[in-house]
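Colleague: Please pick one part of this model and take a close look at it. I would like a single connected account.

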Amino acid sequence: MAAEAVSAPRLSIEFRTSPNSRIDVDKRDFIRTLGSASLGVMFSPGLLARYSAMPYERIAEDEAFWRTIRGKYRLTPDYINLENGYYSMQAEPVLDAFIGHVRSINVQASRYMRTRQPDDKLRVRTRLAKMAGVSPEELIITRNTTESLDTVINGFDWQPGDEAVMAEQDYGAMLDMFKLQARRRGIVNRVVSLPLDPRSDDEIVQLYANAITPRTRLLMVGHMVNITGHILPVRAISDMAHARGVEVMTDGAHAFAQLAFNIPDLGCDYYGASLHKWLGTPLGAGILYVKQDRIAKLWPIYADMGMADRDIRKLNHTGTHPVHTDLGIENAIDFHEAIGIERKEARLRYLQQYWTKQVRGVKNIIVNTPSDPKRSCAIANVGVANMKPGDLAKTLMDRYKVFTVAIDGANVHGVRVTPQLFTTPQELDAFVRALKEIAA
Ligand SMILES: Cc1ncc(COP(=O)(O)O)c(C=O)c1O
């Protein structure tokens, strides 16, 4: 759809805890959020009516809409950032609010910690639980996916000879935690290798099923493989594993706030995600979901004898931590919900398809991401024949000012390309031109 001129719609939101604002100890002012955030605060009533009625696939291509969103970010002019998968910047309104929280808490210090902090944390936790479609009693705020999933892996009462199943394309920190359990407790890790372009869900399910034995207790599955962007059929894998008496832990580092879903729809027992990737929170925020009836048997890493075995907060005793980050999560949720997860997912998939369609089948260019659009969203991986991924990433950055990240292992050789909501088709055109030049 052609981009249209719009009269500079503005986000009419002011955070009362912006850096220069008065410190107000009234709770309603102290935790300022976007309140009734919706597209209504970003667009004029006429535009809002149009956008609200527009199907997600059409809005995904509406450059005027996304220019407005792009205007909420402060971007560097020095290079095109196509590596938004590690840590994705906060939108300016979220960042302003976060800085306000840092300043406010600095003034109130221990008084804040002793009086308001527990209530605030519960409120943010409850909002995250709502976003995930779970009970607040099944979810805690962590620092990141590593903390969330390693808490589960380490919390199992492993016996020598117990087995776990995972994929070589899973994230290194979790693979290492399983290796540590093998060394310390004598468990056996069975590692499958995922195909780059599966023919069906069943092919993937069978791969995991073949690795299960009567000794298997836990299966780890990525919701979205971080090095290729491959979305795995978690529900089907969970159902297959449960039928064999195996519990399922899902790595949602890249899926949460990128894809529209509820955790219970996936059927897994444990789910961990980072919020500083796709929710755009301040750095150092994550979630851990543990299904209610799985909580009691997990051993915490840090003891908290005041908590009942069935209370998920027993897993959350990490001491004094940057609580202003927890408050920033709420502002990030407001911004995220103002756009809407379905619009976000549709736009991110559109951007990825926009560039991969132009290079699939081009001589010397190898796309390492499934060809079925349903099996990927923002992230894709591309390599050039006879070129080391590290050299490709360096050439893209040095010669073309395009920032990506090299992936060279686990059967994946290329650069990972991760656009964000602020990425434009023109930036992707520049990347495609560079890639074709290099491949030629
Ligand atoms: C699939 C996956 N799992 C886990 C992690 C770890 O995330 P964090 O460093 O936020 O703990 C990452 C980070 O990129 C990831 O891609």
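Modeller: What follows deals with helix 6 and the pocket to which it gives the most lining residues. The model is predicted, so local features need pLDDT of at least 70 and side-chain atom pairs pLDDT 80 or more, while totals for chains, interfaces and linings use all residues. Numbering starts from 1 along each chain as its sequence is written, and side-chain values use heavy atoms, without hydrogens and water.

Helix 6 (a DSSP run of H or I, at least four residues, numbered from the N terminus) covers residues 117-132. Its 16 residues reach 22 Å from first C-alpha to last, close to the 22 Å expected (1.5 Å times one less than the number of residues). Gly133 follows helix 6, with a positive phi near 75°.

Buried residues (under 20% relative accessible area, 1.4 Å probe, protein chains only) in helix 6 are Gln117, Asp120, Lys121, Val124, Arg125, Leu128, Ala129, Met131 and Ala132. An α-helix has 3.6 residues a turn, so residues three or four places apart point the same way.

Two of these buried residues, Gln117 and Lys121, are, with Pro118, Arg313 and Asn316, nearest the centre of the second largest pocket. A pocket is an open set of points on a 1 Å grid with protein on both sides within 12 Å along at least five of seven lines, and lining residues have an atom within 4 Å of a point. The second largest pocket holds about 460 Å³, the space filled by probe spheres set on the points. Of its 16 lining residues, helix 6 supplies five.

Notes
Helix = DSSP H or I, 4+ residues; strand = E, 2+ residues; numbered from the N terminus. Buried < 20%, exposed > 50% of the residue type's maximum accessible area, 1.4 Å probe, protein only. 1 Å grid on protein atoms, 1.4 Å probe; cavity = no way out; pocket = protein on both sides within 12 Å on 5 of 7 lines; lining within 4 Å.
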